[in-house]
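Welcome! Please open your viewer, get the selection tool ready, and follow along one stop at a time.

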Amino acid sequence: MKKITLDVQEKPSIGKWIVLAIQHVFAMFGATILVPILVNAAAGEVVLTIPVALVASGIGTLIYILCTKGKSPVYLGSSFAFIAPLAAAYLKGGMGGAMTGVIVVGLIYIIVALIVKLIGKDWIHKLLPPVVIGPMIMIIGLGLAPNAISQIGIASGTPFEWRILLVAFISFIVTAIVMTKAKGFLKVIPFLVGIITGYISAVILGLIDFTPIAEASFFSLPDFVLPFIHYTPSFSALITIAPIALVTMCEHIGDHTSLSNIIDKDLLKDPGLDKTLLGDGLATVAAGLIGGPANTTYGENTSVVGMTKVASVWVIGLAAIFAIVIGFLGKFTALVSTIPNAVLGGVSLLLYGFIAVNGLKVLIKNQVDFDQSKNVVVASAMLVLGLGGAVISIVSGDLSITISGMSLAAIVGVVLNLVLPQEKEVLDNDNDKKKGKRK
């Protein structure tokens with residue numbers, strides 16, 4: 001049966017347009033609001049705010065649409081990959097360190113986009129093969145695991161509180177059931193369903209303080225954080241956050257490849273990887289300039305395109321506008337701020353594991369051969385450094401550079417993969433395959 005190519009520039013009727021856009025908002029909402037909540041929990045202070053994250057998401061998506069000339073129906077939202085690095089950057093360099101890091105990540109995307117335009121994209125796969133990307137994604141998820149345990153209230157030395165544990169369990173089990181049993185649109189938003197259900201159970205058990213909602217205005221200006229006004233840009237924590245751009249670039253390529261298969265149009269050729277990376281990069285720079293988290297492509301919204309069979313950039317653009325408007329609704333964002341840790345912990349128990357398993361899937365899908373010593377060395381070194389709390393500090397006069405955790409693992413993984421020789425039998429097999437193709 002011939003595959004139908006979906007029209008990315010189709011403009012639906014008004015009613016259908018609004019309904020489809022709302023579906024995309026629901027798809028991105030759970031993940032986008034979780035990022036600032038979890039960054040703040042990891043840092044122990046307010047680093048990001050939900051309204052700014054929503055506004056940054058909407059503005060970033062509109063920038064992406066402009067850069068790709070309306071040829072790619074991709075939604076951009078807050079990236080989970082930067083949760084721990086953002087918290088670490090804030091603790092090391094304050095708001096200046098964290099936001100400068102986000103802006104530089106965007107600039108890295110832009111530079112890579114320029115290189116791709118000049119020499120193509122094959123070098124990316126050589127620099128970042130699956131044996132590097134898989135463990136990196138696993139470290140992102142597993143490195144955050146202690147936060148989920150703490151929020152649930154079952155960490156060592158934490159007093160037992162049955163209400164918190166019950167709410168966490170309800171949030172967890174509902175999310176798990178939706179992920180495994182739900183059909184249609186519900187299957188796209190398991191974490192959002194888990195949060196809503198967990199919140200209702202928390203209300204019933206008396207864990208919610210509604211005072212912030214009562215005191216909030218219906219409309220309020222998000223707490224934008226602007227360079228040179230609210231902070232001085234600082235490069236002190238740059239090495240903590242910048243290497244993670246390597247991982248999200250691969251995520252970017254993967255999401256565009258997945259969407260290309262759904263709409264039967266190669267987005268990496270038209271509009272081209274250079275333009276999609278440019279859009280993602282400029283969106284992340286814009287997010288950093290207003291105090292938001294780094295942006296990334298959202299697989300949840302790609303799933304909505306596959307489910308609805310409507311790939312219209314008009315729909316994506318309207319969803320982005322809705323996200324911006326929601327960011328200015330004071331009552332709504334106050335409601336979100338009252339979500340208790342028990343709910344977040346229950347959902348995060350699955351979320352962090354889900355991220356880690358995605359890294360494992362990268363290794364399996366690409367058939368990474370762990371009978372080969374080189375692959376074992378690269379993955380082993382990355383996992384131990386990333387999860388073992390490794391830190392390298394270099395101090396020279398006023399200059400202080402600290403490389404730790406995920407960033408250190410990413411750098412070591414890339415270097416090891418480039419410098420370690422490939423084993424002879426692997427090279428022989430590759431040569432035999434090439435000879436076979438020439439015949």
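How many salt bridges does the count come to? The count comes to three salt bridges, and we will visit each of them. Keep in mind as you look around that this is a predicted model.

**Stop 1: K71 and D270**

Select K71 and D270 together. They form a salt bridge, and the closest N and O atoms are 3.2 Å apart. Now trace the chain from one partner to the other: K71 belongs to the loop between α2 (50–67) and β1 (76–78), while D270 is in helix α12 (residues 268–290). The pair links distant parts of the chain, 199 residues apart. Turn on the surface if you like. K71 counts as partly exposed at 28% relative accessibility, and D270 is partly exposed as well, with a relative accessible area of 32%.

**Stop 2: K117 and D274**

Stay with helix α12 and select D274, then add K117. Their side chains meet in a salt bridge, 3.8 Å from N to O. K117 lies in helix α3 (residues 83–119) and D274 in helix α12, so this pair ties together parts that are 157 residues apart in sequence. Is D274 buried or exposed? With a relative accessible area of 14%, which is under the 20% cut-off, D274 is buried. Its partner K117 counts as exposed, at 56% relative accessibility.

**Stop 3: R163 and E161**

Next, select R163 and E161. Here the side chains meet in a salt bridge at 3.5 Å, N to O. R163 is partly exposed, with a relative accessible area of 26%, and E161 is partly exposed too, at 29%.

**Stop 4: the rings of W17 and W314**

Time for some aromatic rings. The structure holds four aromatic pairs, and one of them is W17 with W314. Rotate the view until you can see both rings. Why is this pair called edge-to-face? The ring planes stand at 75 degrees, which is over the 60-degree cut-off, so the pair is edge-to-face; the ring centres are 6.0 Å apart. W17 is in helix α1 (residues 14–43) and W314 in helix α14 (residues 313–326), 297 residues apart, and the pair links these distant parts of the chain. W17 is buried, with a relative accessible area of 16%, whereas W314 is partly exposed at 38%.

Before you leave, add K11 to the selection. The charged end of K11 sits over the ring of W314, 4.5 Å from the ring centre. For another view of this kind, jump to F218: K331 lies over its face, at 5.2 Å from the ring centre.

**Stop 5: S312**

Go to the loop between α13 (299–308) and α14, where you will find S312. This residue is buried, with a relative accessible area of 1%. Which backbone oxygen lies 2.4 Å from a polar atom of the side chain of S312? That backbone oxygen belongs to E10. Now show the surroundings: leaving aside its neighbours within four places in sequence, S312 is in contact with D7, V8, E10, P12 and P73.

**Stop 6: V247**

Finally, select V247 in helix α11 (residues 245–263). V247 counts as buried, at 6% relative accessibility. Leaving aside neighbours within four places in sequence, V247 is in contact with I133, M136, I137 and I140. Try the distance tool on I140: the C-alpha atoms of V247 and I140 are separated by 9.9 Å, and the two residues are 107 residues apart along the chain.

Key:
Residues numbered from 1 in each chain as written. Predicted model: local features only at pLDDT ≥ 70, side-chain atom pairs only at ≥ 80, totals over all residues. Heavy atoms only, no water. Phe/Tyr/Trp six-rings, centres within 6.5 Å; stacked < 30°, edge-to-face > 60°. Helix = DSSP H or I, 4+ residues; strand = E, 2+ residues; numbered from the N terminus. Buried < 20%, exposed > 50% of the residue type's maximum accessible area, 1.4 Å probe, protein only. Lys NZ or Arg CZ within 6 Å of the ring centre and 35° of its normal. Polar contact = N/O pair within 3.5 Å; in protein donor to acceptor, adjacent residues only side chain to side chain. Contact = heavy atoms within 4.5 Å. Salt bridge = Lys/Arg side-chain N within 4 Å of Asp/Glu carboxyl O.
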